[in-house]
Amino acid sequence: MSTTKHVLIFGIDGCRPDALLAAQTPNIDTLIREGAFHPNAQTGIITISGPGWSDMLTGVWAAKHGVQDNSFEGANYDQYPHLFQRLKEKNPNLVTASIVNWEPINTQILRCADHAVGTSSDERVCEETVRYLQSENPNITFLQLDDVDAAGHKHRYAPDVPGYLSAITENDRIIGEIWEAIRNRPCYAEESWLLIVSTDHGGTEYGHGQNIPEHRTIFVVAYYSDGTRITFPQEVNIVDIPMLVAKHLGIEIEPTWGWDGNLEIV
């Protein structure tokens, strides 16, 4: 019996790792317990969404992809395109999807996903994703949830702020619904899923954007539905995430891509 490989990346915008651990997150807790977790991973030095999501989705730092802010001026995606494009160079049959609350991810970074939806809320991201997974067979899906970042701007980014923690708990509920939709797929028994949960940056007080630990420290969760267990090395960076994706899909990374990830997992 052949097994098909699938990856789904949950991107929780602006989620500090210490707040994630302080919030009520039963679904993410299960992914952490049964998978791998790094609570002290690092994002790039420009801790805002345009550069952060570009780091994650191109596998290179801002010095290469060129994004310095949310205007995306100076983007060098022609030389350093997103991972969807890179992996399709090796396997043109891969099906890719991106469903996001912050639409510049689709219009600027993941510009040629096979299925691209920009929504007005995290709940719409959930609804659209569940609907899509009921009928389609994507190999790589990227989801971006924005309400945690909005809560940080409104209430403060800190592990003891109820408004911020409740937004994380709500995102955990959404992750649980989507995970259940995956498990209810008719061919789930013949599928091997890698679920990744991470973020683009942290924050302090009511903002972010500084090159300081509270803004640069992120987390990475990696859960394999087939029971595969991995151990993260001591150092993990946001640019390592495309390497996890490629490895699960059995795609060899080309040195000419110039990816900055250096992830060794066992």
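Select Glu123 and Arg173 together to begin: in this predicted model the two residues form a salt bridge, with their closest N and O atoms 2.5 Å apart. If you colour the chain by secondary structure, you will find Glu123 in helix α7 (residues 122–135) and Arg173 in helix α9 (residues 162–183), so the pair ties together parts that are 50 residues apart in sequence. With a surface displayed, both partners should remain in view to some degree, because Glu123 is partly exposed at a relative accessible area of 29% and Arg173 is partly exposed at 27%.

Keep Arg173 selected and add Glu170, which forms a further salt bridge with Arg173, the closest N and O atoms here being 2.4 Å apart. Both of these residues belong to helix α9, where they sit three residues apart, about one turn of the helix. Glu170 is partly exposed as well, with a relative accessible area of 34%. Now extend the selection to Glu177, and you have a network in which salt bridges that share partners join Glu123, Glu170, Arg173 and Glu177.

Return next to helix α7 and select Glu128 and Arg131, whose side chains meet in a salt bridge at 3.3 Å, N to O. These two residues are three apart in helix α7, which means that about one helical turn separates them. How do the two partners stand with respect to the surface, buried or exposed in part? Glu128 counts as buried, at 17% relative accessibility, whereas Arg131 is partly exposed, with a relative accessible area of 47%. The count for the whole model comes to 11 salt bridges, and the pairs visited so far, including Glu123 with Arg173 and Glu128 with Arg131, are among them.

The next stop concerns the cysteines, so a reminder may help: a disulfide is a covalent bond between the sulfur atoms of two cysteines. The number of disulfides in this model comes to zero. Select Cys15 and look for its nearest cysteine sulfur, which is that of Cys126, 17 Å away, and Cys15 is accordingly in no disulfide. Cys126 is likewise in no disulfide, its nearest cysteine sulfur being that of Cys15. Both side chains are best viewed with the surface hidden, because Cys15 counts as buried at 0% relative accessibility and Cys126 counts as buried at 1%.

Move now to Thr47, which you will find in the loop between β2 (36–42) and α3 (49–58). Thr47 is buried, with a relative accessible area of 0%, and its side chain reaches the backbone oxygen of Gln210 at 2.9 Å. What surrounds Thr47, once residues up to four places away in sequence are set aside? Display His201, His208, Gly209, Gln210, His215 and Arg216, since these are the residues that Thr47 touches.

Finish by following the chain from this loop into α3, and select the whole helix. Of its residues, 10 of the 10 are buried, so α3 is largely enclosed by the rest of the structure. Labelling the buried residues in α3 gives Ser49, Gly50, Pro51, Gly52 and Trp53, followed by Ser54, Asp55, Met56, Leu57 and Thr58. Just after α3, stop at Gly59 and inspect its backbone, where phi is positive, at about 75°.

Technical notes
Residues numbered from 1 in each chain as written. Predicted model: local features only at pLDDT ≥ 70, side-chain atom pairs only at ≥ 80, totals over all residues. Heavy atoms only, no water. Helix = DSSP H or I, 4+ residues; strand = E, 2+ residues; numbered from the N terminus. Buried < 20%, exposed > 50% of the residue type's maximum accessible area, 1.4 Å probe, protein only. Polar contact = N/O pair within 3.5 Å; in protein donor to acceptor, adjacent residues only side chain to side chain. Contact = heavy atoms within 4.5 Å. Disulfide = S-S within 2.5 Å. Salt bridge = Lys/Arg side-chain N within 4 Å of Asp/Glu carboxyl O.
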